[in-house]
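Trainee: Could we take a close look at one small part of this model together? I would like to follow it outward into its surroundings.

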Amino acid sequence: MAGAGGGGCPAGSNDFQWCFSQVKGAIDEDVAEADIISTVEFNYSGDLLATGDKGGRVVIFQREQENKSRPHSRGEYNVYSTFQSHEPEFDYLKSLEIEEKINKIRWLPQQNAAHFLLSTNDKTIKLWKISERDKRAEGYNLKDEDGRLRDPFRITALRVPILKPMDLMVEASPRRIFANAHTYHINSISVNSDHETYLSADDLRINLWHLEITDRSFNIVDIKPANMEELTEVITAAEFHPHQCNVFVYSSSKGTIRLCDMRSSALCDRHSKFFEEPEDPSSRSFFSEIISSISDVKFSHSGRYMMTRDYLSVKVWDLNMESRPVETHQVHEYLRSKLCSLYENDCIFDKFECCWNGSDSAIMTGSYNNFFRMFDRDTRRDVTLEASRESSKPRASLKPRKVCTGGKRKKDEISVDSLDFNKKILHTAWHPADNVIAVAATNNLYIFQDKIN
Amino acid sequence: MEVQKEAQRIMTLSVWKMYHSRMQRGGLRLHRSLQLSLVMRSARELYLSAKVEALEPEVSLPPTLPSDPRLHPPREAESTAETATPDGEHPSPEPMDTQEAPTAEETSAYCAPRPAKVSRKRRSSSLSDGGDAGLVPSKKARLEEKEEEEGASSEVADRLQPPPAQAEGAFPNLARVLQRRFSGLLNCSPAAPPTAPPACEAKPACRPADSMLNVLVRAVVAF
């Protein structure tokens, strides 16, 4: 199987040909708010794919082993486990309801037969253990097969229980609950490369946790001003470096990224590096400030680069250069003239995520009308694809879509005014090794694969 | 004029968004509030600069100092309150005027400093001339409301001479609530306990009144 998309293709070409693989979720037009997917994440091997939704549920899909009789058909993802991670809560002190919506899921590297993941809502992070049980003990002395206790006086002989195979059961149990550490809404969690600690970030603070310790966390960033009326920016995302366990970055609502080194001081309020692109005065507009807010930051797998997503673009930064990004990709520049309408319908506040492919040669992010965009960093080519039921025939190739920005609309193009802004793709994930992508479109999860030539 | 209207429309819209965001599940979102306040500030600056251009020969404006971005709802309410009408140079109206209809006033805020205290004194004397004992308590309340309205406006310059806030025509209820809340808040002890409950971090309603601006902040937050 081709690895990162370059294997079986003509030399020099990194073109993907994406085909529909699967879609998960109900087809109803009426979407229940609780079913809206709020996060998608592959685990380290890519065999497991987790989704979280607004109803506080986590659904984990597992990739089936490849079928030898159909070598060209890669493994499908089927439901492996479903559980309720978070429930709605009420903060009596502030008279506020705490939403059960899962903001982020992050997998831990697998260390034994069980799988572990962290899931978080606005206030509480939970460590879940997902384990398989395929045997059960039979022949207990003190209880019957159906579990009823036996009358001790009736027991006349002793036997050793034996393990018998049973239908596979996948159990999810909460192993740790990390609560009461965040006053503001948690927007990110990130597992450290030391596999022992992780960070959680809210609007104003970042805390460092040890996976074994739930009653204590260290505050490593605090940007809360003494006088809240002087607040000018909030933290929007944070992530640990993939290899250097002392380095993490956090992005702000002002479009800046700060890289911090935990070795320099206990409280990392002073950054080690500060990434900011000077604003282009010609593109300054009424809504400039809010569209420059960074909604997601992701390190490349190599650790050399990081990518940020703001409302209209994706930027790739070289960690060695703070003055400006090395690449800027426009996601939907045609929306720049529509910012006022997007402010009216609240779309301007949408927080899009972005992701790298396994080899860091391509990046992907979502847009409106169920469109998502892919940028090939080597060939400088980009493509717009759509996640729709219409193009959901097995192994059907996805046709590139095009948005017409003005003038004559060509056939197959869609005009900006026809875009459905209720169909937004905020969450996407790319398999860590293969060219398999998961795209969350409201309550549906689409899985696409690259066709092997 | 178009620019002014558009800026005003955006400010109105922002107030509504601020108001409705308080009803959302999960409570007030800090980031969103901050973004709304940034838009409000930009709209206000745009509105003011458009007004300056319109009124240039007549009025000399104090420099619009770069305001501390205020993330709280009241920033938006402030601006909306002050933007209703184009006319400047009117003396601050009686609070009762504000309740009846959006009258032209507030832009006196941007005129040369008005001695608010002096005008209050004048008014009180005119009221006491009426000789109606029943007016005295209400006079006090009205004065307080007026003072609050004056505080309910924009930035740094206004700390010195707070211009009266004007009830936005579209939000008569908002204005009435603000006025009610102000009088209540002014009676609050300024020495709030330093160890405020965590609730105060998200909602500054509990914090002591430092200035008239904070009064408005708390009013709308409570609202």
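How far is the sulfur of Cys355(A) from the closest cysteine sulfur, and in which residue does that partner lie?

Mentor: Happy to walk through it with you. Keep in mind that this is a predicted model. The closest cysteine sulfur to that of Cys355(A) belongs to Cys354(A), and the two sulfurs are 7.2 Å apart. A disulfide needs the two sulfur atoms within 2.5 Å, so this pair is too far apart for a bond. Cys355(A) is buried, with 8% relative accessible area.

Let us do the same check on another cysteine. For Cys404(A) the closest cysteine sulfur sits in Cys347(A), at 20 Å, which is too far for a bond. Cys404(A) is buried too, at 6% relative accessibility. Searching the whole structure turns up 0 disulfides over all chains.

Now let us step from Cys355(A) to what lies across from it. Opposite Cys355(A) stands Met364(A), in β25(A). The two strands β24(A) and β25(A) run antiparallel and are joined by 3 bridges. They make a hairpin with 5 residues between them, and Asp360(A) in that turn has a positive phi of about 65°.

Strand β25 covers residues 362-366 of chain A, and 5 of its 5 residues are buried. Look at which way they point: Ala362(A), Met364(A) and Gly366(A) go one way, Ile363(A) and Thr365(A) go the other, and all are buried. Met364(A), the residue opposite Cys355(A), therefore belongs to the set that points the way of Ala362(A) and Gly366(A).

β25(A) has another neighbor, strand β26 (residues 371-376), to which it is joined by 5 bridges in the antiparallel sense. Here Gly366(A) stands opposite Phe372(A) in β26(A). This hairpin has 4 residues between its strands, and Asn369(A) takes a positive phi near 60°. Arg373(A) also deserves a look: its salt bridge with Asp382(A) has its closest N and O atoms 2.8 Å apart. The two ends are covered to unlike degrees, since Arg373(A) is buried at 10% relative accessibility, whereas Asp382(A) is partly exposed at 44%.

On the other side of β24(A), the loop that leads to it brings us to a second chain. The side chains of Asp346(A) and Arg32(B) meet in a salt bridge, with 3.0 Å from N to O. Asp346(A) lies in the loop between α2 (339-344) and β24 (354-356) of chain A, while Arg32(B) lies in helix α2 (residues 30-55) of chain B, so this pair joins two chains. Asp346(A) is partly exposed, with a relative accessible area of 26%, and Arg32(B) is buried at 14%.

The helix holding Arg32(B) is worth a pause. Of the 26 residues of α2(B), 20 are buried, so the helix counts as mostly covered. You can also test its length: at 1.5 Å a residue it should span 38 Å, and the end C-alpha atoms are 37 Å apart, which agrees.

For comparison, here are some other spots in chain A. The structure holds 38 salt bridges over all chains. One of them links the side chains of Glu279(A) and Arg284(A) at 3.2 Å, N to O. Glu279(A) is partly exposed at 46%, as is Arg284(A) at 48%. There is also a salt-bridge network made up of Asp35(A), Asp53(A) and Arg57(A).

That network takes us to β3 (residues 48-53) and β4(A), which pair in the antiparallel sense over 5 bridges. Their hairpin has 3 residues between the strands, with Gly56(A) at a positive phi near 85°. In β4 (residues 57-63), 5 of the 7 residues are buried, so the strand is largely enclosed by the rest of the structure. Ile60(A) in β4(A) has Ala50(A) opposite it, and its bridge partner in β5(A) is Ser81(A). β4(A) and β5 (residues 77-84) run antiparallel, joined by 7 bridges.

Last, try Ser251(A), which sits in strand β17 (residues 247-252). Ser251(A) is buried, with a relative accessible area of 0%. The side chains of Ser251(A) and Thr236(A) are joined by a polar contact of 2.7 Å. Ser251(A) also touches other residues, including Val234(A), Ile257(A), Ile294(A) and Val297(A).

Notes
Residues are numbered from 1 along each chain as its sequence is written. Chains are lettered from A and ligands numbered from 1 in the order in which they are written. This is a predicted model: local features need pLDDT of at least 70, side-chain atom pairs count only at pLDDT 80 or more; totals for chains, interfaces and linings use all residues. Side-chain values use heavy atoms; hydrogens and water are left out. A salt bridge is a side-chain nitrogen of Lys or Arg within 4 Å of a carboxyl oxygen of Asp or Glu. Buried means under 20% relative accessible area, exposed over 50%, partly exposed in between (1.4 Å probe, protein chains only). The expected span of a helix is 1.5 Å times one less than its number of residues. Two strands pair if DSSP finds at least two bridges between them. A polar contact is a pair of N or O atoms within 3.5 Å; within protein, one must be able to donate a hydrogen and the other to accept it, and residues adjacent in sequence count only if both atoms are side-chain atoms. Contact means heavy atoms within 4.5 Å. Lists of a residue's contacts leave out its neighbours within four places in sequence.
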